[in-house]
Amino acid sequence: MAGASDKARFYLEQSVPELRDLERRKLFTREEITAITRKRSDFEHILCARGSTPADYARYATYESNLLSLTKKRALRLGAKGRSIAHTGQRRIFFILDRGTRKFHGDVGLWMQYIEYCQHNKAHKKLLEVFTKCLRLHPMKSGLWIHAARWALESQADMSSARSYMQRGLRFCQNDLNLWVQYAKLEMVYIAKIGARHKILGLNDVREEKKVDEADDPNADTIALPDVTAEDVNPKLQDLNAVDETALQNLASTPALTGAIPLAIFDAAMKQFENDPTIAETFFEAIAEFDVACRPKLLQHIIDHMSHNSPTSVALVSCEAKLSLVGIEPTSADLPLALGQALQILKAAISDELDEDVAKVVYASIKNYVKVLAETPQKGRGGSGIAKLVAKLRSNGRNSQARALLEEALKVQGDKEELQQLLAVVG
């Protein structure tokens, strides 16, 4: 026990200059410094003695984090410079968590607290070291690979490192479905970010020559002058712009933006999981969440793959019905036609006497749309949006689909007089 006390005393003596500095700056009184020292002494004796647990290190780090937050607030209020204070406090917390992860390197919860603290304080260099140590010790934890890849993309904007994390994780966790799906999502997020950036910069718009309408107007009281651009002043810029446009065209055709990488991930996952249609449906739902230009191509590829390998599966019918509704808002005018197509697919599946669960699976995906429509009032008049959609279906000669829509709406909203009247009119 004497050895534990000596070790605790050694760690406490290292914090003496810090405490004296806080007292000199009048951020804490002598009584408060004594209370902090006593609290740290209790923690250090617990950690240095036998029988300490990861929770003890976590509580100690939480206490130091709260103390650092209080110190920063007092420094801000008193006008003291807090950069050195923050550096000293963070270094102490890093030291505590580093001691804990070295002693209990198998405790993933303590590693996650270490990672989250580094992320919260934007200590990216330290976080990279923590991820490296943690992943070496826990290569079979797919959640850690996913967390590291997201951090690399979202915080560092480093897609190469994010892909590296995912690919290394798949070497250890080949049978982890979540890791495969999250890798595909990561690529879709990257495509969506690039597409949003192009939209903001106006790179997707086609350049058109401006037409001066005032020159054709004989009654115009102004003279339209030609536009003077930077290319007219410096002709060399015209050549530079031509190179940029060529580069943009080449960029738009790269595999990273055309969906080739998510497609390759899906094909590799299907090979790994022996073309399981339920897993293909999971990929379908994950990719359908992203509004990108290559989404129709990817979804159609998934359906074609399922049609070739499992043509009689319930998942195939579900994906075909959902494909009609992908990208359509519940209040959009295109919903009646899409909903009619989904109902037609359902009817065809039932008439072919496929699995009995087909109807349940497809109706589950359609029920959410019907619920929103039933609760959405029509613009300019009373009643729900169901009436407008039923009228549009009837005008297109799709009475059976209008009847199916009303029957489903009655299940969702109950026995409503308006829906009963519409159903009687439809017959």
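This is a walk through a predicted model, stop by stop, with a selection to make at each one.

**Before you start**

Numbering runs from 1 along each chain as its sequence is written. Because the model is predicted, local features need pLDDT of at least 70 and side-chain atom pairs count only at pLDDT 80 or more, while totals for chains, interfaces and linings use all residues; side-chain values use heavy atoms, with hydrogens and water left out.

**The whole protein**

Show everything as cartoon and you get 22 helices and zero strands. Those elements are DSSP runs numbered from the N terminus: H or I over at least four residues for helices, E over at least two for strands. Now switch on a surface: the protein exposes about 25400 Å², and carbon and sulfur atoms supply 52% of that (accessible areas come from the Shrake-Rupley method with a 1.4 Å probe; for residues, only the protein chains shown count as cover). Of the 427 residues, 40% are buried. Here buried means under 20% relative accessible area, exposed means over 50%, and partly exposed is in between (1.4 Å probe, protein chains only). As for contacts, meaning heavy atoms within 4.5 Å, take those between residues at least 6 apart in sequence: 58% of them join residues at least 24 apart.

**Stop 1: K122 and H138, at the two ends of α7**

Select K122, in the loop between α6 (108-120) and α7. Check its backbone: K122 has a positive phi of about 55 degrees although it is not a glycine. With a relative accessible area of 64%, K122 is exposed.

Next, pick H138, in the loop between α7 (124-137) and α8 (142-154). Is H138 buried or exposed? H138 has a relative accessible area of 9%, so it is buried. Leaving aside neighbours within four places in sequence, show what H138 touches: H105, G106, V108, W111, L144 and W145.

**Stop 2: α9 against α10**

Two packed helices are described by the angle between their axes and the distance between the axes. The axes are lines fitted to C-alpha atoms, for helices over the stretch in contact, and angles run from 0 to 180 degrees between N-to-C directions.

Select residues 159-172 (α9) and 177-201 (α10): their axes come within 10 Å and cross at roughly 165 degrees. That makes α9 and α10 roughly antiparallel (over 145 degrees; under 35 is roughly parallel, 65 to 115 roughly perpendicular, and the rest oblique). The crossing of α9 past α10 is left-handed, which is the term when the near helix is turned anticlockwise from the far one by less than a right angle; clockwise is right-handed.

For the interface, show sticks for M159, A162, R163, M166, Q167, G169 and L170 in α9, which meet L179, W180, Q182, Y183, L186, E187 and Y190 in α10. These divide into nine nonpolar, three polar and two charged. In this scheme Ala, Val, Leu, Ile, Met, Phe, Trp, Tyr, Cys and Pro are nonpolar, Asp, Glu, Lys and Arg are charged, and the others, Gly among them, are polar.

**Stop 3: α14, N275 and α15**

Move along to helix α14 (residues 260-272), which packs on α15 at an angle of about 160 degrees, with the axes 10 Å apart. The pair is therefore roughly antiparallel, and the crossing is right-handed. Which residues make the contact? Look for I265, F266, A269 and M270 of α14 and I279, A280 and F283 of α15. The tally for this contact is seven nonpolar, no polar and no charged.

In the loop between α14 and α15, click N275. N275 isn't a glycine, yet its phi is positive, at about 55 degrees. N275 counts as partly exposed at 28% relative accessibility.

**Stop 4: H301**

H301 is in helix α16 (residues 295-309). A relative accessible area of 24% makes H301 partly exposed. Beyond neighbours within four places in sequence, H301 contacts L263, F266 and D267. Draw a distance from H301 to F284, 17 residues apart along the chain: the C-alpha atoms are separated by 9.7 Å.

**Stop 5: α15 with α17, then S324**

Keep α15 (residues 277-288) on and add α17 (residues 314-325): the axes come within 9 Å and cross at roughly 15 degrees. These two are therefore roughly parallel, in a left-handed crossing. The contact uses P277, T278, E281, F284 and E285 of α15 and A315, S318, C319, K322 and L323 of α17. By type, that is five nonpolar, two polar and three charged.

Finish on S324, in helix α17. At 16% relative accessibility, S324 counts as buried. Setting aside neighbours within four places in sequence, S324 is in contact with A338, Q341, A342 and I345.
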